[in-house]
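Please open the model in your viewer and keep the selection tool at hand. The tour proceeds from one selection to the next.

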Amino acid sequence: MHAIVVDAPGGPEVLTYAERPDPRPGPGQALVKVAASGVNFIDVYHREGRYPLPLPLVPGSEGAGIVAEVGDGVTHVAPGDRVAWCSVPGSYAELAVVPEKMLVHVPTGVDLDLAAAAMLQGLTAHYLTRTTYPVREGDQVLVHAAAGGMGLLLTQLIKLQGGRVIGTVSTEEKEKLAREAGADEVIRYDHVSFPEAVKELTGGRGVDVVYDGVGASTFEGDLQCVRPRAMIALFGAASGPVPPFDLQRLSGLGSLFVTRPTLGHYIADRDELLGRAHDLFGWIAGGQLRIQVSQRYPLADARRAHEELEGRRTTGKSILNV
């Protein structure tokens with residue numbers, strides 16, 4: 001099979017298109033013929049070594065495809081099943097071995113490309129808006145990078161629950177995408193200070209929750225634009241990690257809550273994974289949730305996919321077609 005291989009941590013140039021032996025499934029695993037793999041910032045962190053994984057590494061944390069073979073003890077999937085997964089490295093390849101416990105069935109009517117694009121970010125948006133801070137009718141919510149893959153999904157799920165979305169973007173094109181997804185207000189942070197704009201848009205009150213996948217460049221501003229006892233959910237670090245922080249500041253700023261959640265802890269229980277995936281695919285099939293796949297690359301072009309993602313030259317979701 002062909003796969004993208006990382007032999008040493010580094011920039012996009014370390015992503016090598018190479019031939020590797022076909023893998024075989026072990027007990028409790030399935031071998032999947034990959035149709036598409038999602039491209040995410042977690043893949044960048046793995047490639048850089050920020051989140052170290054054993055080398056050589058086949059990156060890619062989500063995908064979808066057709067089960068080709070199953071190992072001993074596998075009972076929930078069978079050859080020919082359409083499946084998707086996330087939080088398992090190895091999907092930048094023509095074949096991937098995935099633990100059965102991480103596989104979910106893709107229902108008829110949901111394209112495998114959409115399933116691959118939806119899993120990691122869709123389940124993340126689900127737990128953020130349903131569990132970390134369950135959005136209620138009338139809540140005012142700040143979503144950073146509102147035209148990115150996560151931002152578009154968060155916006156739609158917040159609107160499904162009756163929240164008011166204030167999104168931040170950097171270009172006119174991205175503003176249009178955010179508004180099409182349902183954002184009530186859009187702040188061009190290349191033009192204005194987003195904390196000041198948020199306070200103006202909320203009548204000085206501040207938002208109830210911030211969903212922030214940007215990190216270092218936005219966190220200090222987040223602290224300035226929330227109401228007392230609000231929550232800042234810092235789920236990513238596209239601009240770099242937030243520096244060490246004195247928790248005592250949270251008291252003076254209004255008894256704030258700050259959390260750094262990660263998807264693995266919200267799908268560790270298989271029933272929880274299946275429940276979130278059921279909601280996600282139901283919304284997609286029912287037209288309530290639109291997955292914006294804006295960039296498609298052949299597997300061999302993984303380097304270009306990473307360069308454009310890190311260079312903020314993408315909108316919506318990027319996938320590798322295998």
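Contact here means heavy atoms within 4.5 Å. The model on display is a predicted one.

**First selection: His126.** Begin with helix α2, which spans residues 112–132 and contains His126. Is His126 buried or exposed? Its relative accessibility is 5%, and buried means under 20%, so His126 counts as buried. Next, display the residues that His126 touches, leaving out those up to four places away in sequence: Thr131, Leu157, Arg276, Asp279 and Trp283. Among these, Asp279 merits a closer view, since its side chain and that of His126 are joined by a polar contact of 2.9 Å.

**Second selection: the largest nonpolar core.** This core has 68 residues, and the members touching the most other members are Trp85, Leu154, Tyr211 and Phe281. Helix α2 gives the most to this core, contributing 11 residues. In soluble globular proteins, nonpolar side chains tend to be buried together.

Now centre the view on Leu154. Which residues does Leu154 contact, apart from its neighbours within four places in sequence? They are Ala125, Leu128, Thr129, Val143, Tyr211 and Phe235.

**Third selection: a separate core.** Apart from the largest core lies another, of 21 residues, including Leu57, Leu95, Ala305 and Leu309.

**Last selection: cysteines.** Select Cys86, which is buried with a relative accessible area of 1%. Then move to Cys225, also buried, with a relative accessible area of 0%. How many disulfides does a search of the whole structure find? The search finds zero.

Technical notes: Residues numbered from 1 in each chain as written. Predicted model: local features only at pLDDT ≥ 70, side-chain atom pairs only at ≥ 80, totals over all residues. Heavy atoms only, no water. Helix = DSSP H or I, 4+ residues; strand = E, 2+ residues; numbered from the N terminus. Buried < 20%, exposed > 50% of the residue type's maximum accessible area, 1.4 Å probe, protein only. Polar contact = N/O pair within 3.5 Å; in protein donor to acceptor, adjacent residues only side chain to side chain. Core = buried A, V, L, I, M, F, W, Y, C linked by side-chain atoms within 4.5 Å. Disulfide = S-S within 2.5 Å.
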